[in-house]
Amino acid sequence: ESDTILSALADGVLSLTLNRPDKLNSFNEEMHLALRAGFERAHQDADVRAVLLTGAGRGFSAGQDLGDRDPRKGTPDLGHTIETFYNPLLRLIRSLEKPVICAVNGVAAGAGANIAFACDITIAARSARFIQAFAKIGLVPDSGGTWNLPRLIGEARAKALALTAEPLDAETAASWGLIWRVVDDDTLMEEANTLATRLAAGPTRGLGMTKRAIQTAATNSLDQQLDLERDLQREAGRSADYAEGVSAFLEKRKPEFKGK
Ligand code: T3D
């Protein structure tokens with residue numbers, strides 16, 4: 001157990017809170033391992049039907065803890081740290097067949113920004129800002145940034161953000177389609193919790209397959225995607241939640257999905 005990640009399960013929502021507020025929730029190895037353990041639990045535990053990721057204190061995450069990268073202590077192999085820590089985290093978030101909601105409570109810089117963009121539904125506090133801070137220290141965007149940014153906002157905006165490292169305010173991020181929506185700071189956690197709880201009560205398998213289909217579209221042809229939709233719909237059509245959804249509609253009542 002590490003206090004660098006606060007973890008709580010309620011109403012099917014696994015809340016994971018980055019908790020190194022004095023360092024703006026920047027990532028050290030301990031926090032990486034604790035966050036990974038949280039997402040591994042989300043993969044394995046059927047009681048988890050959605051994940052809500054947020055940060056403690058005034059920031060969401062300032063990316064890598066640069067205190068651990070002091071050049072006077074030698075030259076780190078960043079390829080190794082990416083392979084060992086950031087890439088597994090990104091893969092766990094993207095491959096989880098359950099909704100991952102991200103509540104960006106404050107500044108999100110470097111890997112912190114790109115982790116927020118990799119979540120399924122990202123809501124930001126109005127005061128939050130996003131910074132591709134890598135260029136300021138001679139690095140390249142990681143945590144899927146070079147893949148997600150051009151897909152979400154196109155090459156022109158992706159390159160300008162990554163090359164200048166200029167902060168992007170939350171409203172602009174939402175109007176460009178980098179995130180889902182902006183809410184007032186004091187309502188962020190209530191809105192994010194409400195959304196996460198609603199999704200956790202949803203038809204988890206169908207939602208998970210929907211996530212997979214939309215992500216796969218980025219690299220599929222239309223023909224491949226139509227085949228995938230056929231296959232996933234076949235599987236969804238056999239789920240208990242589909243039967244419940246249709247029954248509830250016909251009986252004019254609210255469905256009670258079980259995530260099966
Ligand atoms: O290394 C690898 O494994 C490769 C992977 C790299 C992934 C990456 O994320 S690289 C990018 C690393 N992140 C950055 O370069 C961002 C650095 N931080 C900032 O530029 C600024 O802190 C922010 C723009 C995010 C916020 O600015 P501001 O003015 O709101 O806050 P601040 O005063 O700069 O920070 C508050 C405290 O957090 C401060 O500590 P102090 O002085 O109160 O003791 C600051 O040093 C600390 N802090 C902020 N970011 C980091 C950090 N400490 C360590 N590492 C950080 N990234």
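This is a short walk through a predicted model, taking its two sheets first and then the ligand.

Let me start with the sheet of 6 strands. It is open, the strand order is β1-β2-β3-β5-β7-β10, and the pairing is mixed. At the edges sit β1, residues 5-10, and β10, residues 181-183, and each of these pairs on one side only. On average, and ignoring direction, neighbouring strands in this sheet are turned by 20° against each other.

Helix α1, residues 29-44, packs on this sheet. The strands that α1 touches are β1, β2 at 13-18, β3 at 50-55, and β5. The direction of α1 makes about 170° with that of β2.

Now two pairings inside that sheet. β1 and β2 run antiparallel and are joined by 6 bridges. If you want one pair to look for on screen, A10 has V13 as its bridge partner in β2. The two strands form a hairpin with 2 residues between them. The other pairing is parallel: β5, residues 100-104, and β7, residues 121-125, over 4 bridges. There, the bridge partner of C102 in β7 is T122.

A word on backbone angles. Most residues other than glycine have a negative phi. Where are the exceptions that I want to show? One is D11, in the turn of the β1-β2 hairpin, with a positive phi of about 50°. Next is L24, which is not a glycine and has a positive phi of about 50°. L24 lies in the loop between β2 and α1. N25, also not a glycine, has a positive phi of about 55°, and N25 is placed in the loop between β2 and α1 as well.

On to the sheet of 4 strands. This one is also open and mixed in its pairing, with the order β4-β6-β8-β9. Its edge strands are β4, residues 59-61, and β9, residues 168-169, each pairing on one side only. β4 and β6, the latter at residues 107-109, run parallel and are joined by 2 bridges. For a landmark, take G59, whose bridge partner in β6 is V107. Helix α3, residues 111-118, lies across β4, β6 and β8, the last of these at 129-131. Relative to β6, α3 runs at about 100°.

That leaves the ligand. Which residues come nearest to the ligand? Of the 24 around it, they are R58, Q64, L66, R69 and T81. Sorted by class, the shell holds 12 nonpolar, 5 polar and 7 charged residues. Both α2, residues 78-95, and β8 supply at least two residues of the shell. Which element gives the most to the shell? That is α2, with 4 residues.

Here are three polar contacts. A polar atom in the side chain of R58 is 2.9 Å from an oxygen atom of the ligand. At L66 the partner is a polar backbone atom, which lies 2.9 Å from a nitrogen atom of the ligand. The side chain of R129 has an N or O atom that is 3.4 Å from a ligand oxygen atom. As for cover, the ligand on its own has 1,100 Å² of accessible area, and the protein covers 68% of that.

To close, keep both sheet orders in mind: β1-β2-β3-β5-β7-β10 for one and β4-β6-β8-β9 for the other. From the second of these, β8 is one of the contributors to the ligand shell.

Notes
Residues numbered from 1 in each chain as written. Predicted model: local features only at pLDDT ≥ 70, side-chain atom pairs only at ≥ 80, totals over all residues. Heavy atoms only, no water. Pairing = 2+ DSSP bridges. Contact = heavy atoms within 4.5 Å. Axes fitted to C-alpha atoms, helices over the stretch in contact; angles between N-to-C directions. Near = heavy atom within 4 Å. Polar contact = N/O pair within 3.5 Å; in protein donor to acceptor, adjacent residues only side chain to side chain. Areas by Shrake-Rupley, 256 points an atom, 1.4 Å probe, with all protein chains shown as cover. Nonpolar A, V, L, I, M, F, W, Y, C, P; charged D, E, K, R; others polar.
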